[in-house]
Amino acid sequence: MSRAADRLKVVVNHLDRPCSFVQASTSGENVAYYQPQALRYSFDNDLLSTEQRISYEEDGFLLIKGLVSGEDIDRFRAAFERICRREVQVPGLVVMRDVSIAKSEFVPDQKAISKLQDFQEEPELFRYCSLPQILNYVECFTGPNIMAMHTMLINKPPDTGNKTSRHPMHQDLHYFPFRPADRIVCSWTAMEKVHCQNGCLVVLPGSHHGTLKEHDYPEWEGGVNKMYHGVRDHDPNHPRVHLEMEKGDTVFFHPLLIHGSGMNQTQGFRKAISCHYASADCYYIDVRGTTQENIGQEVKEIAARKYAVDDVTFEDTWAVRGRLVQGDRTNL
Ligand SMILES: CC(C)CC(=O)SCCNC(=O)CCNC(=O)[C@H](O)C(C)(C)COP(=O)(O)OP(=O)(O)OC[C@H]1O[C@@H](n2cnc3c(N)ncnc32)[C@H](O)[C@@H]1OP(=O)(O)O
Ligand SMILES: Nc1ncnc2c1ncn2[C@@H]1O[C@H](COP(=O)(O)OP(=O)(O)OP(=O)(O)O)[C@@H](O)[C@H]1O
Ligand SMILES: O=C(O)CCC(=O)C(=O)O
Ligand SMILES: [Fe+2]
Ligand SMILES: [Mg+2]
């Protein structure tokens with residue numbers, strides 16, 4: 001077999017933007033030639049088509065429609081509502097309210113909760129992280145030893161007029177003191193229809209090819225939620241994609257992909273459930289002296305207050321929350 005025959009030839013006429021691998025062929029089609037072994041962002045394991053692997057390689061995200069059933073989503077919603085009604089106490093759970101409510105005299109009710117983090121001890125919500133159809137995709141990016149490192153249920157509230165319901169453009173790797181980045185992936189599932197009006201995810205395709213950028217609180221007049229750091233400067237001319245999704249649709253994305261979400265201009269609470277996975281073979285890094293030092297310090301301060309201890313490392317805060325969901329807990 002010739003070397004050329006080993007390569008994957010893909011017609012990429014659907015691409016509406018420059019693609020690093022594309023060449024114009026004599027037939028007038030745009031074709032890309034890939035060496036399968038040159039695909040660095042995913043593994044070949046019979047689930048992803050070549051087109052899907054190339055799409056993740058180029059864009060840094062992959063949207064799978066209808067991956068989670070309506071029944072499962074309804075169960076996650078019921079579990080969320082039980083937490084809001086305070087019918088259950090969940091160890092380690094972080095219940096966050098929007099800054100525009102947290103800092104006012106507004107009397108909070110269940111609608112005031114904008115985000116749950118760290119639901120690894122809530123069996124019904126954590127079931128999301130172990131869904132076989134999700135793990136099958138996750139394995140394409142992490143390999144077989146899989147840790148669920150970070151869990152969230154986002155209940156993006158109707159904007160109060162201060163635009164605080166926005167999530168600034170950021171790279172999730174900013175929060176993670178483990179590597180390598182290519183063996184980390186986020187799965188984010190819409191719990192209802194998400195669109196531009198209620199603040200769907202906005203991504204900068206291909207931005208995962210860059211490095212981790214400096215993050216800071218954006219200078220927003222109406223205030224910014226705790227720890228909602230944004231990329232200090234990103235190219236405003238980079239093409240943006242709004243990911244409109246139906247209930248159950250799931251997007252997998254790379255931790256260097258620059259993304260955020262707009263304000264919620266509807267009266268509903270836009271819900272999504274997500275988990276960040278990493279290969280258990282990843283290793284922790286020391287963030288001192290790096291761009292991540294600022295977030296590391298903030299996390300340590302909050303953790304020290306929450307657990308009433310005076311010395312906890314950034315690494316510890318991740319090691320205690322991480323849960324093995326497949327294979328062996330080799331390192332993390
Ligand atoms: C990849 C992934 C990690 C990316 C992300 O998720 S980015 C966002 C990550 N965000 C977080 O991890 C934030 C986690 N949130 C928290 O830890 C908590 O919600 C806290 C902000 C500490 C509030 O905890 P809580 O138990 O409600 O404590 P208190 O009600 O006593 O408030 C303590 C002080 O915090 C303030 N606060 C509460 N909610 C917010 C807010 N949304 N934004 C900014 N400040 C806030 C509150 O006003 C109070 O301030 P002071 O009165 O002490 O000045
Ligand atoms: N089911 C729950 N489990 C754990 N924490 C919850 C739950 N419901 C709400 N919380 C959080 O518990 C904390 C305490 O709630 P609440 O706001 O009533 O009291 P508080 O923070 O002492 O009041 P204030 O902020 O007005 O001083 C808040 O951070 C709230 O978001
Ligand atoms: O659901 C959203 O708005 C995005 C949240 C997000 O990107 C994050 O918390 O890291
Ligand atoms: Fe994010
Ligand atoms: Mg409070």
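**Helix 3 and the ligand 2 site**

In this predicted model, the buried residues (under 20% relative accessible area, 1.4 Å probe, protein chains only) of helix 3 are Asp72, Ile73, Phe76, Ala79, Phe80, Ile83 and Cys84. Because these residues cover an arc of only 145° around the axis, they sit on the same side of helix 3; the arc is taken from the directions between the helix axis and the C-beta atoms. Helix 3 itself is a DSSP run (H or I, at least four residues, numbered from the N terminus) spanning residues 70-84. Its 15 residues reach 21 Å from first to last C-alpha, close to the 21 Å expected at 1.5 Å a residue.

What does the buried side of helix 3 pack against? Its partners are strand 6 (113-117), helix 5 (123-130), strand 7 (146-156), strand 10 (184-190) and strand 17 (270-279), with contact meaning heavy atoms within 4.5 Å.

Happily, the end of helix 3 also leads to a ligand. Ile83, Arg86, Val88, Val95 and Arg97 surround ligand 2, each having a heavy atom within 4 Å. Among polar contacts (N or O pairs within 3.5 Å), a polar backbone atom of Ile83 is 2.7 Å from a nitrogen atom of ligand 2. Arg86, which takes a positive phi of about 60° just after helix 3, places a polar side-chain atom 3.1 Å from a nitrogen atom of the ligand. Arg97 brings a polar side-chain atom to 2.9 Å from an oxygen atom of ligand 2. The protein covers 51% of the 620 Å² of accessible area that ligand 2 has on its own (Shrake-Rupley method, 1.4 Å probe).

Residues are numbered from 1 along each chain as its sequence is written, while chains are lettered from A and ligands numbered from 1 in written order. Local features need pLDDT of at least 70, side-chain atom pairs count only at pLDDT 80 or more, and totals for chains, interfaces and linings use all residues, with side-chain values using heavy atoms and leaving out hydrogens and water.

Technical notes: Helices (H or I, at least four residues) and strands (E, at least two) are DSSP runs, numbered from the N terminus. The expected span of a helix is 1.5 Å times one less than its number of residues. Buried means under 20% relative accessible area, exposed over 50%, partly exposed in between (1.4 Å probe, protein chains only). A polar contact is a pair of N or O atoms within 3.5 Å; within protein, one must be able to donate a hydrogen and the other to accept it, and residues adjacent in sequence count only if both atoms are side-chain atoms.
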